[in-house]
Amino acid sequence: MLKTHGLYSYVLNNNLRSVGLLAGFLLVVQLMFAAIWAFGGIIFSNPGSLSGYLAQVWSTTTHYAPSVLAASIVWAFLAFFYYKHIVRGMTDLHEVTRSQEPRLYAIVENLSIATGLTTPRIEVSETQVLNAFALGLTPATSTIGVTRGLMSALNDQELEAVIAHELTHIRTLDVRLMTFATIFCGIIFSIGWFLTYRFREMSRQAKSAPLMIIP
């Protein structure tokens, strides 16, 4: 990554890291499926000579690579589309208006104007846990989430400091980078968990020695 000298180079680095995460995610999924075919052949068939078997694994990997790539992109796209719904379901966030939360709305709006950002969507979770966070892939589509407990515990200056911190994450694209990392790790973990389960079931059905492989 480039050396950080200020805000713009910091944002550029986050953009490069996001692209790197996307490329790494697609590569890791391809390698996982190559490992699946390799280990599956060793467990459930007679691989023969090593060189011939590796050539067969390479041929199978390259043959299915476009399909695996397409499936990975579709899955990632769906994860990006639904991740806010998932977070809202986990945290009980709900959108609030200016009339419902005038204090919070004024703080977020004033700080957004001061930093040159579009005012993000404002949501509140009715929990007494002290927490605030930001969601969104772009500043224009971002959301600020605040818990009821945090708003009750902090005065205006303290709440402004917390909101300013979250808006900084939005402005510097930290939120997008964290979203990419969380989504990609979640997808890879899901694939690994599912395939581990399938290998175990297939080993049972084949009456082979108990073996569990985690790609």
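Two strands count as paired if DSSP finds at least two bridges between them. Keep that in mind, as this tour spends a good while among strands. One more thing before you start clicking: the model on your screen is predicted.

**Stop 1: the whole chain**

Show everything as a cartoon. You should find six helices and four strands. Walk along the sequence and the elements come in the pattern α-α-β-α-β-β-β-α-α-α. The protein has 215 residues, and 37% of them count as buried. Now think about contacts between residues at least 6 apart in sequence: 61% of these join residues at least 24 apart.

**Stop 2: the sheet**

Select residues 93-95 (strand 1), 121-125 (strand 2), 132-135 (strand 3) and 143-147 (strand 4). In what order do the four strands sit in the sheet? The order is 1-2-4-3, in an open sheet with mixed pairing. Strand 1 and strand 3 are at the edges and have a single partner strand each, so one side of each has no neighbour in the sheet. Turn the view a little and look for the twist, which averages 30 degrees from one strand to the next.

**Stop 3: across the sheet, pair by pair**

Begin with strand 1 and strand 2. They run antiparallel and are joined by three bridges. Pick Glu 95 and you'll see Glu 123 of strand 2 opposite.

Next, move over to strand 2 and strand 4. Is this pairing parallel or antiparallel? It's parallel, with five bridges. Two spots are worth labelling here. Arg 121 has Thr 143 of strand 4 as its bridge partner, and Val 124 stands opposite Val 146, also in strand 4.

Finish with strand 3 and strand 4, an antiparallel pair joined by four bridges. Leu 135 is opposite Thr 143 of strand 4.

**Stop 4: how covered are the strands?**

Stay on strand 2 and switch on a surface. This strand is mostly covered, with four of its five residues buried.

Now select strand 3. In a regular strand, side chains alternate between the two faces of the sheet. Ala 132 and Ala 134 are on one side of strand 3, Phe 133 and Leu 135 are on the other, and all of these are buried, so both faces of the strand are covered.

**Stop 5: Thr 143**

You've already met this residue twice, so zoom in. Thr 143 belongs to strand 4. Its relative accessibility is 0%, and since buried means under 20%, Thr 143 counts as buried. Which residues does Thr 143 contact, leaving aside neighbours within four places in sequence? Try selecting Lys 84, Arg 88, Pro 120, Arg 121, Glu 123, Phe 133, Ala 134 and Leu 135.

**Stop 6: helix 2**

Select residues 50-91, which make up helix 2. This helix packs on the sheet and touches strand 1, strand 2, strand 3 and strand 4. Compare directions too: that of helix 2 makes about 160 degrees with that of strand 3.

While you're on the helix, click Ser 72, which is found there. Is Ser 72 buried or exposed? It's buried, with a relative accessible area of 6%. Not counting residues up to four places away in sequence, Ser 72 touches Phe 25, Leu 26 and Val 29.

**Stop 7: two crossing helices**

Hide the sheet for a moment and colour helix 3 (residues 102-115) and helix 5 (residues 156-171). Their axes come within 10 Å and cross at roughly 50 degrees, and the two helices are therefore oblique to each other. The crossing is right-handed.

To see where they meet, show side chains. From helix 3, pick Arg 103, Leu 104, Ile 107, Val 108, Leu 111, Ser 112 and Thr 115. From helix 5, pick Asp 156, Leu 159, Glu 160, Ile 163, Ala 164, Leu 167 and Arg 171. Sorted by class, this contact has eight nonpolar, two polar and four charged residues.

**Stop 8: Leu 173**

Last click: follow the chain out of helix 5 into the loop before helix 6 (174-205), where you'll find Leu 173. Look at the backbone here. Leu 173 has a positive phi of about 65 degrees although it isn't a glycine. This residue is also buried, with a relative accessible area of 10%.

Key:
Residues are numbered from 1 along each chain as its sequence is written. This is a predicted model: local features need pLDDT of at least 70, side-chain atom pairs count only at pLDDT 80 or more; totals for chains, interfaces and linings use all residues. Side-chain values use heavy atoms; hydrogens and water are left out. Axes are lines fitted to C-alpha atoms, for helices over the stretch in contact, and angles run from 0 to 180 degrees between N-to-C directions. Angles under 35 degrees count as roughly parallel, over 145 as roughly antiparallel, 65 to 115 as roughly perpendicular and the rest as oblique. A crossing is left-handed if the near helix is turned anticlockwise from the far one by less than a right angle, and right-handed if clockwise. Contact means heavy atoms within 4.5 Å. Ala, Val, Leu, Ile, Met, Phe, Trp, Tyr, Cys and Pro count as nonpolar, Asp, Glu, Lys and Arg as charged, and the others, Gly among them, as polar. Buried means under 20% relative accessible area, exposed over 50%, partly exposed in between (1.4 Å probe, protein chains only).
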